[in-house]
Amino acid sequence: MGVLNRAEIKERMKESDYSKKLLVTPLLTENQIDAASVNIRLGSSIIIPKKTYVDQQDVTDRRTIHQVEHRLYDRTKLKHKSKFVLHPNHLILGVTFEYLSLPYDVFCTIMSRSSWGRLGLVVATAAAVQPGYKGCLTLELVNLSESPIALYPGLPVGQLVFHEVPSKGAEAVYRGRYNCSTEAELPKFFAGGTDEELAFWGGKS
Amino acid sequence: MDFDVDQPAAVLSKSLSLIEKTDLRLHQLDRWQFPTSSSELGRELFLSALASVREPAHLGPMDPVVLYNRLFSLQELAGIIERSSTDRISWPLVRYCDEIWSNFFGENGPKIFYALTPEYNYSILHFSKRLADILRDILPDSAIQALVSNRELYCLQLASSEDENLPLYANIGHEFGHAVFDHHEKAIVSELDAKVGQVLVRVLSDLQAIDATQASRRFRRICQAVLGIGEELFCDLLGALLMGPAFFLSLFEFSWGQARDVWTIRLSPEFQNIRAYPSFGFRLHCISQWAKIEGFRSEASSEAAKSITQKVAELAVGVGTIPVNHNSDVLRVWPASDNDAEPIRDVLNPRLNELKIALGEYLHECDGFVRKWYSTKPFSDVSVYDVAELLLRLERNIPPNIVPDNTLLGKPAEFTAILNASALFRLDLLTGEGSGDGGERLRQTGIVERLTAKAFEATFIQREFNRWAGQ
């Protein structure tokens, strides 16, 4: 499973057949493509967890996990050039400005850029993106430093690293619950996949 | 204790309390939430109005009861400013709207801000005029003039959040048409009079033959209705010129489940409240001409367009099936209990065809006017090839934001090209046989709406970035 370098990334981006094309859109400048990665920017949609009186988030409880969302989170959209201050030890959900479309033979990982990492900003904890995925990526942004960090939509906070994978056809392609997302997304427990067993593990089946 | 001793003073204190509460409500709004800076103009204007009402020189002569009533009317406007929040309004969409608006009115003309409405459709409100109307009986004219002069402000009320109202986006052009109509009312009404006048002379003669004693009032009510119809058609013309086929598709979707061949007049005791609308059939017929539907269809069927995606030709065929027939149109007048309803209906129905021809000529002249007033800047034709490229992306669940060029970055798509590609694609999903059941259609149209909203954001940012980078 090799990592794509700049030339390979560009070659796959130039592909005219959309089913084979590696698409990261919009690219504002070719300089976003690094030696073996593509820099990605912070989008405008964010979800802010609230201090709340909900006793706990129990993902095995199908009945309440989605009902309490409005008590747990605020959603907002940052305007162009507007500032969001991320305070120490705070987690927010953000989104990439870029929309991604991976061909069936490319797997992707998302990670912080080193300069931002040194400031204490972590951009993603769930870093794997499956082949065939389409959509903007939800970022888990955490400030691990001791001082607040100002964020603006458009800042290049992360990078995508692409890995070529041998594909055995459609089985390998992502058809999950987050496909075609364009905004920061809350977890979608019980929306398919293997989540049915969550209730079993929590003794609620 | 005599509770009935001084009601005016009691009502005045209630009024002053309501002014304080309203003032506080408006001051507490977070400007960070306003989708554009124009919302701040709305707040400032409103707060200035409250300050003026509070001035002792103005409060003294006021009738407290009238003041109290007017303050309740003002709550409607306060509510509009409160509903001007980026939480539910797509700022990229309204920034595009601002660009269209400034093409019409420039930097020094009237301004516009954006709010939500619980209604289904979009509507535009002449905010500063409405404010002045409410203040009419409580402030002297000089104070009202001082308040609103050089602060002309409109409010476009959007139906809901951006990803649920794709079919309504194209109606923005129609709504802006009302503001353009306001600003050129004299010239437009004069043209309407020139084209429709002869028909109205014959209508007056018919009314006199029915009942000469009632003819004058009925005629004035008809004139008011025709004025309303003329304004609606003018706005349709603007909508078609600005948004192209997307506006045609949008109006077609509005007509679903409604009679397409009915012209409506709703009478009211006050002339200015008489409302009148042409039939959907006639409106679609007119819009199809001004949105150049035939040209779009023919170009979309060309080999060059089909080589990008066959879908564009298929959709062009679909557009051709939209009915624009208006031969069986009839006019209905409401309420039936109004004694004028039947005679008005009886004199206008036989002259409907004459009226349509005259209105067609009027629109032709209006087309010339608006192109002269605004050059061609806001009215560039939609490129079929750009639309085809964007359809290709939508077919693959990719935002319709880029038209390929010979670079890796591509060219950010035009607002109207995105709008048209999305409108075509969405309508195909809703009506196409291969779109699955209701749930699947809902899921797929939801994706198109999200991708479209994303495309507006992405292209807006990309163009701003390119401008900054000098590309």
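These exercises walk through a predicted model of two chains, A and B.

Residues are numbered from 1 along each chain as its sequence is written, and chains are lettered from A, with ligands numbered from 1, in the order in which they are written. In this predicted model, local features need pLDDT of at least 70 and side-chain atom pairs count only at pLDDT 80 or more, while totals for chains, interfaces and linings use all residues.

**Exercise 1. Describe the build of chain B: how many helices and strands are there?**

Step 1. Count the elements. Chain B has 20 helices and eight strands. Helices (H or I, at least four residues) and strands (E, at least two) are DSSP runs, numbered from the N terminus.

Step 2. Check the radius of gyration, which is taken over C-alpha atoms. For chain B this radius is 25 Å, close to the 23 Å that the globule rule gives for 471 residues, so chain B is as compact as a globular protein of that length. The rule is 2.2 Å times the number of residues to the power 0.38.

Step 3. Look at the box. Along the principal axes, the C-alpha atoms of chain B fill roughly 85 × 65 × 45 Å.

**Exercise 2. Analyse how α5(B) packs on α20(B): at what angle do they pack?**

Step 1. Find the helices. α5 covers residues 91-105 of chain B, and α20 covers residues 438-469 of chain B.

Step 2. Read the geometry. The angle is about 60°, and the axes are 8 Å apart. Axes are lines fitted to C-alpha atoms, for helices over the stretch in contact, and angles run from 0 to 180 degrees between N-to-C directions.

Step 3. Classify the angle. This makes α5(B) oblique to α20(B). Under 35 degrees counts as roughly parallel, over 145 as roughly antiparallel, 65 to 115 as roughly perpendicular and the rest as oblique.

Step 4. Name the residues. α5(B) brings Pro92(B), Leu93(B), Arg95(B) and Tyr96(B). α20(B) brings Phe456(B), Glu457(B) and Phe460(B). Residues are in contact if their C-beta atoms, placed from the backbone, lie within 7 Å.

Step 5. Sort them. Five are nonpolar, none polar and two charged. Ala, Val, Leu, Ile, Met, Phe, Trp, Tyr, Cys and Pro count as nonpolar, Asp, Glu, Lys and Arg as charged, and the others, Gly among them, as polar.

**Exercise 3. Work out the three-strand sheet of chain B: which strands stand at the edges?**

Step 1. Write the order. The open sheet runs β5-β4-β6 in chain B, with mixed pairing. Two strands pair if DSSP finds at least two bridges between them.

Step 2. Find the edges. β5 (275-277) and β6 (330-334) of chain B each have a single partner strand, so one side of each is left without a neighbour in the sheet.

Step 3. Follow one pair. β4 (residues 262-266) of chain B is antiparallel to β5(B), over three bridges. Here Ile265(B) stands opposite Ala276(B).

Step 4. Add the helices. α10 (residues 185-243) of chain B packs on the sheet and touches β4 and β5 of chain B; its direction makes about 50° with that of β5(B). α16 (residues 341-348) of chain B lies across β4 and β6 of chain B, at about 165° to β6(B).

**Exercise 4. Describe where the chains meet: which element of chain B gives the most?**

Step 1. Count both sides. The contact involves 22 residues of chain B and 21 residues of chain A.

Step 2. Pick the element. α20(B) gives the most to the side of chain B, with 11 residues.

Step 3. Sort by class. This side of chain B has 12 nonpolar, four polar and six charged residues.

**Exercise 5. Trace pairing in chain A: what is the bridge partner of Ile92(A) in β12(A)?**

Step 1. Find the strands. β6 (residues 91-95) and β12 (residues 138-143) of chain A run antiparallel, joined by five bridges.

Step 2. Read the partner. Ile92(A) pairs with Leu141(A).

Step 3. Turn to the open four-strand sheet. Its order is β2-β14-β8-β10 in chain A, with antiparallel pairing.

**Exercise 6. Locate the unusual backbone spots: where is Pro335(B) found?**

Step 1. Recall the background. Most residues other than glycine have a negative phi, and most peptide bonds are trans.

Step 2. Find the cis bonds. Trp334(B) and Pro335(B) are joined by one, with omega about -10°. Pro335(B) is in the loop between β6 and α16 of chain B. The bond from Thr25(A) to Pro26(A) is also cis, with omega near 0°.

Step 3. Check phi. Asn89(A), not a glycine, has a positive phi of about 65°. Asn89(A) lies in the loop between β5 (84-86) and β6 of chain A.

Notes
Contact = placed C-beta atoms within 7 Å.
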